[in-house]
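Open the model in your viewer and keep the selection box at hand. Each stop says what to select and what is there.

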Amino acid sequence: MWDYTERVMEHFRNPRNVGEIAEPDAVGEVGSMACGDVLRLTLKLDEEGRIADVKFKTFGCASSIASASALTELVKGKTLEEAETVTNQDIAAFLGGLPEQKMHCSVMGKEALEAAIENYRTGGQAKHVLEGKVVCTCFGVTEPEIERVVRENDLRTVQDVTNYCKAGGGCGGCRGEIEQILARVRGIEPEPEKPAPPKRRLTNIRKIQLIQETIEREIRPMLAKDGGDLELIDLDGDQVIVSMRGQCAVCPAAGFTLDGFVGEKLREFVSPELVVVEEKP
């Protein structure tokens, strides 16, 4: 389980400004379902050009929700010029810090804000699109995006880059190219990657307890809203075997629900190695 601050958990459990503004003055949307994080930001300006209202919708982890909530609090009441000065580091600081592996959520918030501001200034014409060569095909991260997070956050290793924009966190085939980008942007050879800290070992009993707690607290209430449910059937190593119930059992999007929602929550609150599969008939 990630070591979240109390403020992160507060904004995750009680996010501010959730929803979508009717007839917004600006819309910014970043991310994709393929990479597991999507954030949509809508803004309404007052007669003085200040952000009178801002709302967000997101599909993602606790850090994504908390970061988006924090962003809305940071920019409300600001002019667009003032809002532009808000950085992803400001978002993280507002939350009392984020785990390094989750800093990409604060970066996504900053990008959504920039996309919304550009959308406003172009009269609703501009939309966030990938520009430049795609380096990380697993998560669709381009060379300019990597260069930017390196410069703005003084990143030094490939793992730093992965933490801030997910690049290199999939198959790993782009890690060599990321090293070259680091060297070019910084004008020096990248620092060698630090060995990953030892992972906390969970006994099967403790792992099952955490899975059940997460299902009850985070997953079941959301599924119940659409008449669905699930049951934990078994645990085989890091493979969580479940059975879909109610509307989830017949929903055509059940496969996405399993990995995109249930799996994400269990990896977030129990262990990043968990894989969720449905019980075979």
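The tour below follows a predicted model, stop by stop.

**Stop 1: histidine 11**

Select histidine 11. This residue is found in helix α1, which covers residues 6–13. Is histidine 11 buried or exposed? Its relative accessible area is 2%, under the 20% cut-off, so histidine 11 is buried.

Now show side chains. Those of histidine 11 and serine 69 are joined by a polar contact of 2.7 Å. Leaving out residues up to four places away in sequence, histidine 11 touches Arg16, Ile65, Ala66, Ser69, Ala70, Glu73, Phe94 and Leu95.

**Stop 2: glutamate 23**

Go on to glutamate 23, in the loop between α1 and β1 (26–32). Check its backbone: phi is near 50 degrees, a positive value in a residue other than glycine. Most residues other than glycine have a negative phi. Glutamate 23 counts as exposed, because its relative accessibility is 68% and the cut-off is over 50%.

**Stop 3: the β2–β3 hairpin**

Select residues 37–45, strand β2. Seven of the nine residues in β2 are buried, and the strand is mostly covered. Leucine 39 belongs to β2, and with a relative accessible area of 2% it is buried.

Which residues does leucine 39 touch, not counting those up to four places away in sequence? They are Gly28, Glu29, Val30, Phe56, Lys57, Thr58, Ala68, Met108, Gly109 and Ala112. Add phenylalanine 59 and draw a C-alpha to C-alpha distance from leucine 39: 6.7 Å in space, with the two positions 20 residues apart in sequence numbering.

Extend the selection to β3, residues 51–59. Strands β2 and β3 pair in the antiparallel sense, over eight bridges. Leucine 45 stands opposite isoleucine 51 in β3. The two strands form a hairpin, with five residues between them. Pick glycine 49 in that turn: its phi is positive, about 85 degrees.

**Stop 4: helix α7 and its surroundings**

Select α7, residues 158–165. Six of its eight residues are buried, so α7 is largely enclosed by the rest of the structure. The buried residues are Val158, Val161, Thr162, Asn163, Tyr164 and Cys165. What do they pack against? Color α4 (88–94), α5 (103–121), β5 (141–142), α6 (143–153) and α8 to see the partners.

Now isolate α7 with α8, residues 175–186. The helices pack at an angle of about 100 degrees, and their axes are 9 Å apart. That angle makes α7 roughly perpendicular to α8. On the α7 side, the contact involves Val158, Gln159, Val161 and Thr162. On the α8 side are Arg175, Ile178, Glu179 and Leu182. By type, the residues of this contact divide into four nonpolar, two polar and two charged.

**Stop 5: lysine 166**

Step just past α7 to lysine 166, in the loop between α7 and α8. Its phi is positive, about 75 degrees, although lysine 166 is not a glycine. Is this residue buried or exposed? Lysine 166 counts as buried, because its relative accessibility is 16% and the cut-off is under 20%.

**Stop 6: the β6-β7-β8 sheet**

Select the three strands that form an open sheet in the order β6-β7-β8, with mixed pairing. The edge strands are β6 (228–236) and β8 (275–278), each pairing on one side only. From one strand to the next, the twist averages 35 degrees. Strands of a sheet pair through backbone hydrogen bonds, either parallel or antiparallel.

Take β6 with β7 (residues 239–246): they run antiparallel, joined by eight bridges. Aspartate 229 has arginine 245 of β7 as its bridge partner. For leucine 230, the partner in β7 is methionine 244. β6 and β7 form a hairpin with two residues between them. Click glycine 237 in the turn, where phi is positive at about 65 degrees.

Move to the other side of the pairing. β7 and β8 pair in the parallel sense over four bridges. Isoleucine 241 stands opposite valine 277 in β8.

Last, add helix α9, residues 204–224. This helix lies across β6 and β7 and runs at about 165 degrees to β6.

Methods: Residues numbered from 1 in each chain as written. Predicted model: local features only at pLDDT ≥ 70, side-chain atom pairs only at ≥ 80, totals over all residues. Heavy atoms only, no water. Buried < 20%, exposed > 50% of the residue type's maximum accessible area, 1.4 Å probe, protein only. Polar contact = N/O pair within 3.5 Å; in protein donor to acceptor, adjacent residues only side chain to side chain. Contact = heavy atoms within 4.5 Å. Pairing = 2+ DSSP bridges. Axes fitted to C-alpha atoms, helices over the stretch in contact; angles between N-to-C directions. Parallel < 35°, antiparallel > 145°, perpendicular 65-115°, else oblique. Nonpolar A, V, L, I, M, F, W, Y, C, P; charged D, E, K, R; others polar.
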